[in-house]
Every structure is written in C-alpha cells, then in structure tokens.
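Okay, thanks for coming, everyone. I'll put the sequence and the structure up on the screen, and then we'll walk through it together.

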Amino acid sequence: MDKILIEGGRTLNGEVKISGAKNAALPILVSALLSDEVNTFTNVPDLKDIESTKILLKHLGARIDSDKDVVQIDAAGLNNHEAPYDLVRKMRASVLVLGPLLGRLKKARVSLPGGCAIGERPINLHLKGLAQLGADIKLKHGYVEATTKGLKGADIYLDIATVTGTENLMMGAVLADGVTIIRNAAKEPEVVALADVLNQMGAKIKDAGTSVITINGVESLHGTSFSIIPDRIEAGTFMVASALTKGDITLTDCAPMHLGACINKLKLTGARVTVGEKKIRVVGKDEIESVDVKTQPYPGFPTDMQAQFMVLMSIATGLSLISETIFENRFIHVSELKRMGADIKISGNAALIKGVPKLLGAPVMASDLRASASLILAGLVAHGQTEVNRVYHLDRGYQSIEAKFSRLGAAIKRIKA
Ligand code: EPZ
C-alpha cells in the first residue's frame with residue numbers, strides 16, 4: 001500500500017486548479033444509463049471512484065470512451081440489471097444505479113453497500129422512495145432485488161435530506177409516469193448539477209436546490225454534454241491548507257458560491273479570504289482564532305470539511321467545539337491527530353479542541369477519505385516528518401493531491417508500495 005511522506009513546516013504559496021467534483025461526477029456518470037443516446041462529460045476528475053463507476057457502467061452494458069477529463073457514455077446497449085457485491089463494496093455510491101435501472105429495464109439487483117468507517121450509512125430512504133414510485137423491493141442474501149411494471153409519480157417525503165437518496169429518486173422519477181414530488185430533498189450543489197444534466201437530456205425537473213423538487217415524468221431522455229462542477233470539498237481542503245501554513249494560495253476554476261459556510265468560518269479564524277468569479281484567495285495569519293463549527297446539510301458547514309477544519313483548530317489560540325450531526329462515527333481522525341500532539345476531547349458527537357502551539361510529525365493511518373486529507377494537512381504544518389499510511393483512501397477523492405501540494409511548496413512525496 002502506498003504511503004505519503006511529508007516534511008512539515010513549509011509555507012504554501014501559489015495557485016492550484018480545482019478538479020471536477022467527485023460527488024457530482026458519480027451520479028452524473030450514472031445518469032447516462034437513463035438515455036439510449038451518447039452522453040459526453042468533461043472536467044471529470046481522475047479518481048479511483050470514477051474508475052470504479054466506469055467499471056460498473058460497463059458491467060451493466062454501457063460503452064465508455066475516456067480521454068483525460070472527457071468521458072463519453074453510450075448506454076444504448078444496457079442489458080444487465082445486476083450490480084455485484086465486489087463492485088458495490090468498493091464504492092457505496094454504486095447504489096445510485098437503482099433508479100436508472102428501474103427506469104430503463106424495470107428491474108435491478110444491487111448489492112447492499114454495507115457500512116463504512118464513518119457510519120452504518122443505510123439506504124432505507126432510497127428504497128422507501130423507490131417503493132413509493134412503484135418498485136417492488138425485496139432484500140435477499142445481501143442484495144436489493146427490485147422490479148416494477150413501470151414507475152409511477154409519487155409524493156415522497158424524506159425523513160432525512162439524504163444526498164444520494166435525493167439523486168436516486170430523482171433518476172427514478174424522470175422516466176416515471178406522472179408527477180413526483182420529493183419533499184425535504186437535499187439541496188447540495190451536486191444535486192442541482194444532476195438536475196441540470198437531466199434537464200439538458202430532456203427531463204422536466206423543477207426547483208432542484210430547494211427542499212421541494214417537482215419532476216414531471218417523460219417518455220425518454222436524449223444525449224447531451226456537460227462539464228462537471230468544481231469540487232467544493234477539494235477547494236475547502238486547499239483553503240484550510242493556506243490558513244494552516246500561513247501561506248497565500250489562490251484557488252482557480254472553483255465555485256465560490258458553493259463555499260459560503262467554509263469561507264465564513266475561515267474568515268472568523270482570521271484568515272484573509274478574497275473571492276473572484278471562479279477564484280478564491282486565502283492568506284493565512286500568524287494567529288489562528290478558535291471557532292466553533294457544527295456540520296449541517298447544505299448550505300450549512302459540510303461534514304466533508306469537518307476533519308480538515310479540526311486540524312486548523314488544533315493549532316488555534318483557544319478552545320473550539322466541533323459538532324458532527326450528519327454521521328455517527330466521523331471522528332476517527334481524532335486519535336491520529338492526538339498522536340501528533342493535538343489536544344482533543346470527544347463527548348458524543350462533539351469534539352472539544354484546545355489549540356496547541358504545534359503538532360509533531362508521526363506515522364499515522366488513514367481511515368476514510370476526508371480523514372486522510374486531514375492527516376495530510378496535519379503533516380504539512382507539523383514539525384518533523386509525517387508518514388500517512390493507507391493513502392488509497394485519499395486516491396478515491398483527491399486527484400494527484402501530493403503533486404498539487406508539492407507545486408505549492410510542500411515537501412511531500414508518495415512512496416509506492
Ligand atoms: C453523500 O453521501 C456524499 N457522497 C458524502 O460524501 C457526504 O458526506 C454526504 O452526502 C453528506 O453530505 C456522495 O455524494 C457520493 P446522506 P450520502 O445519504 O448520500 C443517513 C465523501 O467524503 N441516511 O446524505 O451517502 C446517513 O446514514 C462522502 O465524499 C439514512 O439514514 O449521505 C447519514 O447519517 C462521504 N438512510 C445521513 O442520512 C438513507 O437511506 C446523511 O447521509 C440515507 C441516508
């Protein structure tokens with residue numbers, strides 16, 4: 001397994017281009033299953049999860065041509081309704097094929113994704129919504145077995161504003177007969193991007209980005225082309241890196257309007273943040289103010305930025321309280337940060353961080369995607385060498401992260417296994 005070595009203490013300066021958003025690209029690539037024409041997507045990030053998605057779509061019968069950030073998908077030959085365990089276990093977002101398979105083939109057999117490091121992550125709300133759309137759902141031998149005579153529009157209320165749940169139901173509803181309403185829908189930019197692609201394909205989706213989405217079913221969807229929106233979590237990660245190392249980093253090709261909560265919180269720590277149309281510049285400050293954070297569904301502070309922000313708070317001047325309200329076990333990075341000298345106490349879903357003058361480099365273990373990013377950030381600012389193990393977690397969601405940090409002045413390198 002690869003590891004990443006970092007000599008901490010460098011100030012990071014320069015420009016970094018933000019890649020396409022993993023969490024937009026995954027549902028958007030899957031949405032191509034809904035059409036029997038060719039769909040072309042650009043600005044697709046080069047990530048392990050994207051490769052897994054391509055493998056799955058090919059397994060279902062789609063033809064895929066890729067060239068750098070361009071992915072062309074032709075799902076005319078869609079002929080397999082099964083997403084097997086060995087594919088789904090590698091990437092839980094594979095459950096997003098349920099909606100399209102039911103829409104196109106009227107059947108689906110998809111392995112239950114199982115839990116992951118950050119929580120149980122059930123998909124009960126996906127299944128309840130699909131059942132309301134007229135799918136007959138059975139759980140057998142670790143698989144979801146779904147069939148339908150034809151999906152019909154329904155009025156669906158989501159107990160939790162689930163992101164991929166909203167996306168799955170949206171994709172099931174676009175070819176359903178009649179009108180579907182999704183209430184308490186997720187408002188994330190990635191949900192809006194998916195709705196934009198589907199509408200370009202001929203769907204009739206209204207008010208994506210609000211809590212109540214209305215979808216008028218249509219007969220079929222044609223092909224289109226679409227550029228994947230920038231990754232707001234990658235952007236937030238580099239913003240924190242600048243504040244952490246008292247650097248001066250300008251992010252390009254990013255979407256500032258998706259980062260309101262992160263920008264707000266970063267300013268409160270004392271960092272200077274200036275925003276352009278597709279740029280964000282963050283200039284770090286010698287003294288980092290302690291700031292409380294509570295993760296919330298969009299447009300609240302994103303749970304995917306919680307671990308990264310905690311690193312910044314670990315060397316701030318006072319006490320900060322970070323509450324994680326989305327996932328039940330998303331503090332795995334805390335024990336690793338404490339091995340680097342952080343002073344953090346956990347009580348339930350809250351972590352109390354007492355800023356310390358410095359972190360010390362150490363060998364640490366990555367556990368999930370965003371925790372891995374936080375360990376990289378900690379290594380950048382720690383005194384001495386940090387060795388981050390199991391970086392395959394990182395490769396799932398960050399495109400060539402060490403190259404990007406190295407170009408900003410970090411002493412960072414990957415040691416191939
Ligand atoms: C999406 O996951 C993202 N992944 C996650 O990013 C992100 O952390 C999460 O949304 C929250 O913003 C993708 O978009 C591929 P949820 P998702 O369904 O959709 C509970 C990353 O690092 N829930 O919004 O799986 C669930 O357990 C990843 O890029 C149910 O109880 O998250 C959680 O507590 C990590 N039943 C809460 O809702 C359901 O049927 C929010 O989960 C569905 C969800």
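I'll start with the whole chain, then go to the two domains and their interface, and end with a few local spots.

One thing up front: what you're looking at is a predicted model. So, the overall picture. The C-alpha trace of the protein chain spans about 65 × 45 × 40 Å along its principal axes. Does that go with a globule or with something else? Well, a compact globule of 417 residues would have a radius of gyration near 22 Å, and the protein chain comes out at 21 Å, so the two agree. As for secondary structure, there are 14 helices and 24 strands.

Now the domains. The chain splits into domain 1, made of 3-15 plus 231-415, and domain 2, which is 24-227. If you take their C-alpha centres, domain 1 and domain 2 sit 31 Å apart.

How do they meet? On the domain 1 side, 17 residues are in contact with domain 2, and on the domain 2 side the number is 16. Together the two domains bury about 1400 Å², with 56% of that on carbon and sulfur atoms. Which three residues of domain 1 supply the most of its buried area? They are Tyr-298, Arg-396 and Gln-399, and they supply 40% of what domain 1 buries against domain 2. Keep Tyr-298 in mind, please.

Next, the polar side of that interface. Between domain 1 and domain 2 there are 8 residue pairs in polar contact. The face of domain 1 that touches domain 2 is a mix: 6 nonpolar residues, 5 polar and 6 charged. Two salt bridges, or 2 by the rule, run across this interface. Elsewhere on the slide I've marked Glu-190 and Arg-232, whose side chains meet in a salt bridge at 2.8 Å, N to O.

Across the structure, the count of salt bridges is 25. Let me pick out one more, between the side chains of Asp-2 and Lys-416, at 3.3 Å, N to O. Why look at this pair? Asp-2 is in the segment before β1 (3-7) and Lys-416 is in the segment after β24 (411-415), so the salt bridge ties together parts that are 414 residues apart in sequence.

Last, some backbone details. Remember Tyr-298? The peptide bond from Tyr-298 to Pro-299 is cis, with omega near 10°. Pro-299 belongs to the loop between β18 (293-294) and α10 (306-314).

Then we have positive phi values. Asn-43 isn't a glycine, yet its phi is near 60°. You'll find Asn-43 in the loop between β3 (38-42) and α2 (48-59). Arg-390 isn't a glycine either, and it has a positive phi of about 60°. That residue, Arg-390, is in the loop that links β23 (385-389) and α13 (392-395).

That's the tour, so let's open it up for discussion.

How values were computed. Residues are numbered from 1 along each chain as its sequence is written. This is a predicted model: local features need pLDDT of at least 70, side-chain atom pairs count only at pLDDT 80 or more; totals for chains, interfaces and linings use all residues. Side-chain values use heavy atoms; hydrogens and water are left out. Domain bounds come from an automatic or database domain assignment. Contact means heavy atoms within 4.5 Å. Buried area is the accessible area (1.4 Å probe) that two parts lose on being put together, summed over both. A salt bridge is a side-chain nitrogen of Lys or Arg within 4 Å of a carboxyl oxygen of Asp or Glu. A polar contact is a pair of N or O atoms within 3.5 Å; within protein, one must be able to donate a hydrogen and the other to accept it, and residues adjacent in sequence count only if both atoms are side-chain atoms. Ala, Val, Leu, Ile, Met, Phe, Trp, Tyr, Cys and Pro count as nonpolar, Asp, Glu, Lys and Arg as charged, and the others, Gly among them, as polar. Helices (H or I, at least four residues) and strands (E, at least two) are DSSP runs, numbered from the N terminus. The radius of gyration is taken over C-alpha atoms; the globule rule is 2.2 Å times the number of residues to the power 0.38.
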